[in-house]
Amino acid sequence: MAKNKEIKTNAMRILEREKIPYTHYTYECEEFVDGLQIADKLGLPYEKVYKTLVTVGSSNNYFVFVIPIDKELDLKKAAKSVGEKSVSMIHVKDINAVTGYIRGGCTSIGMKKQYVTRIETSAQALETMIVSGGRIGSQIELKPEDLCKAARAEFADIIF
């Protein structure tokens, strides 16, 4: 009899290939809920849970920002961190086409293309942080420096 095999996301496969340890959490969820609701469902502290935002710059290039779930992206700081005049959030309808992920399941690891990625510097003070596992109902916990390596990101001051 086949063992109930856990379905791995692209992000998880990349972490395993790079031998990066992570903890996988799942939760029941039919449609998009915000990060605060997910943290509440899983009993996680807000300051450890981060959301992934995708923007488009004035150059028409895409940029990815990973920030705490209870904070807002400072678009001016974000633009400056990636050398753009300005950045703006992409439309929800474009998330899948740009990243390969869906709203609520977007993570900075393993997008369709490698985009310039910045992780809010506050993450560096954490032992571990939690981000989307690459689909709705999936979260992964890992060290901030491991996320940085897997997403080929840099840390930057990008929130208000």
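Which strand do the buried residues of α2 pack against? The legends below take up this point first, then move to other close-ups of this predicted model.

**View 1. Helix α2 packs its buried residues against strand β7.** Helix α2 spans residues 35–42. Three of its residues, G35, I38 and A39, are buried. Looking down the axis of α2, the buried residues fall within an arc of 100°, so they line one face of the helix. Their packing partner is β7, residues 138–142. G43 follows α2 and has a positive phi, near 65°.

**View 2. Three strands form an open sheet in the order β1-β7-β6.** The pairing is antiparallel. Strands of a sheet pair through backbone hydrogen bonds, either parallel or antiparallel. β1 (23–26) and β6 are the edge strands, and each pairs on one side only. On average, neighbouring strands in this sheet are turned by 30° against each other, direction ignored.

**View 3. β6 and β7 form a hairpin.** The two strands run antiparallel and are joined by four bridges. I130 has its bridge partner in β7, namely E141. S132 stands opposite Q139, also a residue of β7. Five residues lie between the two strands. One residue of the turn, G134, has a positive phi of about 110°.

**View 4. The largest nonpolar core has 31 residues.** Which residues have the most contacts inside this core? They are L15, I109, I119, M129, V131 and L147. Helices α1 (10–17), α4 and α5 (144–150) each give two or more residues to the core. Strands β2 (50–57), β3, β6 (129–132) and β7 do so too. α1 gives the most, with four residues. A second core of 12 residues is separate, and includes L53, F63, F65 and A79.

**View 5. M129 is one of the residues with the most contacts inside the largest nonpolar core.** Neighbours within four places in sequence are left aside here. M129 is then in contact with K48, Y50, V66, I119 and A123, among others. Its contacts also include I140, E141 and L142. P144 and L147 are on the list as well. L147 itself is among the residues with the most contacts inside the core, as is I119.

**View 6. Y62 and Y115 make an aromatic pair.** A search of the whole structure finds one such pair. How are the two rings arranged? Their centres are 5.7 Å apart and their planes stand at 75°, so the pair is edge-to-face. The pair links distant parts of the chain, with the two positions 53 residues apart in numbering. Y62 is in strand β3 (residues 62–68). Y115 is in the loop between α4 (95–99) and β5 (116–120). Is each ring's residue buried or partly exposed? Y62 is partly exposed, with a relative accessible area of 29%. Y115 counts as buried because its relative accessibility is 11%, below the 20% cut-off.

**View 7. P68 is a buried proline in strand β3.** Its relative accessibility is 5%, so P68 counts as buried. P68 touches V49, Y50 and K51, among others. Its contacts also include E120, S122 and I159. Residues up to four places away in sequence are not counted. The C-alpha atoms of P68 and T52 are separated by 8.9 Å. These two residues are 16 residues apart along the chain.

**View 8. K19 has a positive phi although it is not a glycine.** Most residues other than glycine have a negative phi. The phi of K19 is about 55°. K19 lies in the loop between α1 and β1. Is K19 buried or exposed? With 72% relative accessibility, K19 counts as exposed.

**View 9. R152 has a positive phi and is not a glycine.** The phi of R152 is about 50°. R152 lies in the loop between α5 and β8 (154–156). R152 is exposed, with a relative accessible area of 58%.

Methods. Residues are numbered from 1 along each chain as its sequence is written. This is a predicted model: local features need pLDDT of at least 70, side-chain atom pairs count only at pLDDT 80 or more; totals for chains, interfaces and linings use all residues. Side-chain values use heavy atoms; hydrogens and water are left out. Rings of Phe, Tyr and Trp (its six-membered ring) pair if their centres lie within 6.5 Å; planes under 30 degrees apart count as stacked, over 60 as edge-to-face and the rest as tilted. Buried means under 20% relative accessible area, exposed over 50%, partly exposed in between (1.4 Å probe, protein chains only). The arc is that of the directions from the helix axis to the C-beta atoms. Contact means heavy atoms within 4.5 Å. A nonpolar core is a set of buried Ala, Val, Leu, Ile, Met, Phe, Trp, Tyr and Cys residues joined through side-chain atoms within 4.5 Å. Two strands pair if DSSP finds at least two bridges between them. Axes are lines fitted to C-alpha atoms, for helices over the stretch in contact, and angles run from 0 to 180 degrees between N-to-C directions.
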